[in-house]
Amino acid sequence: MLEEGTKAPLFTLPDKDGNEISLESFRGRYVLVYFYPRDNTPGCTAEACSIRDNMPDFSALGLSVLGISPDKAESHRRFAEKYGLDFTLLSDTDHKVMEEYGAYGEKMMYGKKTVGVIRSSFLIAPDGTIAKVWKKVSTKTHGEDVKKAFSEIAG
């Protein structure tokens, strides 16, 4: 997994409407890139809603959010509509971006080794470096955790 202080790998992925979104287009501002396993599952929904609930503060502080999972655009569209998610969801169906960030690979799930998405988040600074990494995420409080860390980092 990538560490704080390293350059964030650039990527371009489709959003819920099929538009290509590039990390490069966020250069000059802070962006949270968070990786999650699957739309409409209990943990992923709790995490997305925690972020959604903090979006007014994030927007006021100048923080953009990109959620990335292996789900396809249609799944993202339904997920965003169902829960009123007002941030960008991107599709990484072949896991290439997740692998670059170390957010896909071997993990423990219910006491068994498996391969899949490793729930993690990266706060990327305006210069494109990683300012903060969450290697373990509390799905219910992630929005608050990000807001607290971002306030300390960005002042």
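## Starting at Tyr83

A good place to enter this predicted model is Tyr83, which is partly exposed, with a relative accessible area of 24%. Its ring partner is Phe79: the two ring centres lie 5.6 Å apart with their planes at 70°, so the pair is edge-to-face. Phe79 and Tyr83 are 4 residues apart in helix H2, a separation of about one helical turn. Phe79, in contrast to its partly exposed partner, is buried, at 0% relative accessibility.

This pair belongs to a wider group of rings. Tyr34, Tyr36, Phe79, Tyr83 and Phe87 form one aromatic cluster. Across the whole structure, a search finds 9 aromatic pairs.

## The two sides of helix H2

Now let us look at the helix that holds the pair. H2 spans residues 73-83, and its buried residues include Phe79 along with Ser75, His76 and Ala80. Viewed down the helix axis, the buried residues fall within an arc of 130°, so they line one face of H2. What do they pack against? The buried residues of H2 meet H1, S4 and strand S5 (88-91).

The face turned away from the buried side tells the other half of the story: there you will find the exposed residues Glu81 and Lys82. After the helix comes Gly84, whose phi is positive, near 60°.

H2 also carries a salt bridge of its own. The side chains of Glu74 and Arg77 meet at 2.6 Å, N to O, and these two residues sit 3 residues apart in the helix, about one turn. Both are partly exposed: Glu74 has a relative accessibility of 37%, and Arg77 has a relative accessible area of 24%. The bridge is part of something wider, as salt bridges with shared partners join Lys16, Asp17, Glu74, Arg77 and Arg78 into one network.

## The nonpolar cores

Which residues have the most contacts inside the largest nonpolar core? They are Tyr34, Ile51, Leu63, Val65, Phe87 and Leu89, in a core of 23 residues. Several elements each supply at least two residues to this core: strand S3 (30-35), helix H1 (42-61), strand S4 (63-69), helix H2 (73-83) and helix H4 (142-154). Among these, H1 gives the most, with 5 residues. In soluble globular proteins, nonpolar side chains tend to be buried together.

Val65 offers a closer look at the packing. Setting aside residues up to four places away in sequence, Val65 touches Val31, Leu32, Tyr34, Ile51, Met55, Phe58, Phe87 and Thr88. A second, separate core has 22 residues, including Ala8, Leu23, Leu66 and Tyr101.

## A buried glutamate in H1

Is Glu47, a residue of helix H1, buried or exposed? Glu47 is buried, with a relative accessible area of 0%. If you leave out neighbours within four places in sequence, the residues in contact with Glu47 are Tyr34, Tyr36, Arg119, Ser121, Val137, Thr139 and His142. Two of these names will be familiar, as Tyr34 and Tyr36 also appear in the aromatic cluster.

## More charged partners

How many salt bridges does a search of the whole structure find? The answer is 11. One of them joins the side chains of Arg52 and Asp53, at 2.8 Å from N to O. Arg52 is partly exposed, with a relative accessible area of 24%. Another links Lys113 and Glu106, at 3.8 Å from N to O, and both of these residues are exposed.

A charge can also meet a ring. Lys132 lies over the face of Trp134, at 5.6 Å from the ring centre.

## Two loop residues with positive phi

Most residues other than glycine have a negative phi. Against that background, Asn40 is worth a look, with a positive phi near 65°. Asn40 lies in the loop between S3 and H1 and is partly exposed, at 35% relative accessibility.

His95 also has a positive phi, near 65°. You will find His95 in the loop between S5 and helix H3 (96-101). With a relative accessible area of 19%, His95 counts as buried, because the cut-off for that class is under 20%.

Key:
Residues numbered from 1 in each chain as written. Predicted model: local features only at pLDDT ≥ 70, side-chain atom pairs only at ≥ 80, totals over all residues. Heavy atoms only, no water. Core = buried A, V, L, I, M, F, W, Y, C linked by side-chain atoms within 4.5 Å. Buried < 20%, exposed > 50% of the residue type's maximum accessible area, 1.4 Å probe, protein only. Contact = heavy atoms within 4.5 Å. Arc of directions from axis to C-beta. Phe/Tyr/Trp six-rings, centres within 6.5 Å; stacked < 30°, edge-to-face > 60°. Lys NZ or Arg CZ within 6 Å of the ring centre and 35° of its normal. Salt bridge = Lys/Arg side-chain N within 4 Å of Asp/Glu carboxyl O.
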